[in-house]
Amino acid sequence: MATPEELTRGRRRLALLGAAWGVLALLLVAMHSPGQMSLDTVVALYEGVINRAVGWGPPFMASVLEWLGGGVVGAAVFVALNTALVLGGFFLVLTRGADAGHLGRLPAWRFWLALLLCLNPLFLLYVGIVWKDVLLATLAMSAVVGLWALERRLDARRWWLVALVGLALAALPWARQQAFLVSLPLWVVLAWLVARKQAGRPRRIVAGLVVLLVLALGQRGIGAAADATITPLPESPTSTGLSIIMAYDIIGMSASSADGEPARSAGAGEATIEAMRRTYSPERVDTSWHVPEVSSFINGLGQDELRTTWWRGVRERTSEYLGHRGDALASLLGFRSMEGCVAGYWGVAGIPEHVLHAGLIEEMDPRDRLIGRITTQLRDTPVLRHWTYLVVLAVVTFVLLRRRGGEGATTSAAATLGAWLYFASYVPTTIACDFRYLYPTAALACLVALHLLVAPRPAKVST
């Protein structure tokens with residue numbers, strides 16, 4: 001129980017935080033609205049206008065924007081909801097569900113360090129980016145915050161929260177191909193939380209299986225609704241993405257090998273191999289992809305030959321493959337210069353026809369230029385380097401392994417595992433050093449770190 005002094009201090013902190021959070025949310029929405037939109041975002045908004053996919057990304061993001069109103073309205077509502085969910089999630093974790101007593105007992109150093117985590121410029125910049133990885137991160141963060149609340153208490157009055165968490169978890173796998181790696185551990189936690197309320201092992205098993213079944217059916221339903229809103233392309237986005245990854249690996253291996261393999265065996269001439277060596281960059285595939293000699297060679301390979309060439313290169317040029325993959329990962333994590341990397345996004349840019357049909361104006365207004373200056377200044381700092389958040393994730397993992405218990409431990413472990421799995425999926429697949437790719441890992445790492453800072457310490461068992 002909190003003392004009267006601690007309760008007073010907690011209420012004062014709670015009031016100040018509530019007011020500051022409200023003002024901050026309004027400022028961020030005003031600063032970002034209708035959102036920072038890159039070419040792919042504008043494509044998604046255009047897909048909502050014509051109700052069919054034209055890009056190779058999953059149609060779920062386009063469907064979400066269309067469900068929110070489409071065009072400028074959909075993007076602006078996305079920014080507002082994203083800001084509310086991210087800031088609201090941080091507020092609930094920091095205050096442990098607006099618990100004044102707990103907030104008053106929190107040591108000053110923990111309180112201020114936790115506040116610093118919440119006000120990381122990364123989140124203040126990224127709440128305004130209309131992008132599928134931002135959607136993925138926000139869905140995952142919201143689900144984790146809800147699971148922590150359910151892990152503290154799940155009774156008859158909280159089934160509405162179970163439904164909301166289930167909705168977020170059912171939608172999560174559609175945000176990006178690898179998103180299921182984040183969602184699966186959290187699905188298991190929700191099933192376990194519901195199951196443990198049942199009496200007897202058979203009922204618990206049945207309850208857990210029912211939750212997993214409902215989540216799977218919910219995922220299928222959301223996917224069907226997205227496909228009904230935006231007719232997907234005949235070709236799977238996953239197969240297209242894998243083709244680009246294999247092409248990048250072939251270019252990387254051929255550029256670094258002395259004999260130009262594996263491209264040479266697939267019919268690449270000396271001019272093509274030289275173009276690969278001249279234009280290859282571990283920062284992104286685009287530098288070679290846009291060169292006619294390289295793109296015509298890659299496009300001339302059928303799917304079977306592409307896979308055969310890629311596998312032959314991995315098998316026979318393993319050191320070149322690992323070197324290329326290591327360099328690409330080092331660029332993504334920020335161990336190299338960020339000069340050719342995407343640290344964030346600001347303004348609105350897209351294909352003119354798409355911009356027009358989506359009701360947008362391609363522009364860079366004073367707000368966008370200010371966001372651009374801030375992002376550029378932070379680009380070479382730890383704030384926009386993914387190695388920073390891998391360190392945070394490693395520390396979080398170490399603390400969880402040492403504590404082996406405490407409030408919200410199961411949800412924290414699942415979120416941490418999901419973050420690691422999501423990061424691991426980019427080790428063999430990254431094609432560009434775009435900070436947005438691993439933003440979900442950074443977001444989950446910071447969220448779990450925040451929880452560990454403010455949650456009650458597990459009681460020591462005397463022997």
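What follows is a short chat about the packing and ring pairs in this structure.

This is a predicted model, with local features needing pLDDT of at least 70 and side-chain atom pairs counting only at pLDDT 80 or more, while totals for chains, interfaces and linings use all residues. Residues are numbered from 1 along each chain as its sequence is written, and side-chain values use heavy atoms, leaving out hydrogens and water.

Visitor: Which helix gives the most to the largest nonpolar core?
Guide: A nonpolar core is a set of buried Ala, Val, Leu, Ile, Met, Phe, Trp, Tyr and Cys residues joined through side-chain atoms within 4.5 Å; buried means under 20% relative accessible area with a 1.4 Å probe, protein chains only. The largest one here has 127 residues, and Trp 21 and Phe 90 are among those touching the most other members. Helices are DSSP runs (H or I, at least four residues), numbered from the N terminus. The top giver, with 14 residues, is helix H8 (residues 132–152).

Visitor: What is the angle between the planes of Trp 21 and Phe 91?
Guide: Rings of Phe, Tyr and Trp (its six-membered ring) pair if their centres lie within 6.5 Å; planes under 30 degrees apart count as stacked, over 60 as edge-to-face and the rest as tilted. Trp 21 is in helix H1 (residues 4–32) and Phe 91 in helix H4 (residues 71–94), so this pair ties together parts 70 residues apart in sequence. Both residues are buried. The pair is tilted, with centres 6.3 Å apart and an angle of 55°.

Visitor: How many residues apart are Phe 123 and Tyr 439?
Guide: Their ring planes are at 55° and their centres 6.2 Å apart, so they make a tilted pair. Both are buried, and both belong to an aromatic cluster with Phe 90, Tyr 126, Tyr 389 and Phe 435. Phe 123 is in helix H7 (residues 121–126) and Tyr 439 in helix H22 (residues 439–454), and the separation is 316 residues.

Visitor: Which ring does Arg 436 lie over?
Guide: A charge sits over a ring if NZ of Lys or CZ of Arg is within 6 Å of the ring centre and within 35 degrees of the ring normal. Arg 13 has its charged end over Phe 111, 4.3 Å from the ring centre. For Arg 436, at 4.0 Å from the ring centre, the partner is Trp 131.

Visitor: What phi does Gly 334 take?
Guide: Gly 334 comes just after helix H17, whose buried residues include Tyr 321 and Leu 333. The phi of Gly 334 is positive, about 85°.

Methods. Buried means under 20% relative accessible area, exposed over 50%, partly exposed in between (1.4 Å probe, protein chains only). Helices (H or I, at least four residues) and strands (E, at least two) are DSSP runs, numbered from the N terminus.
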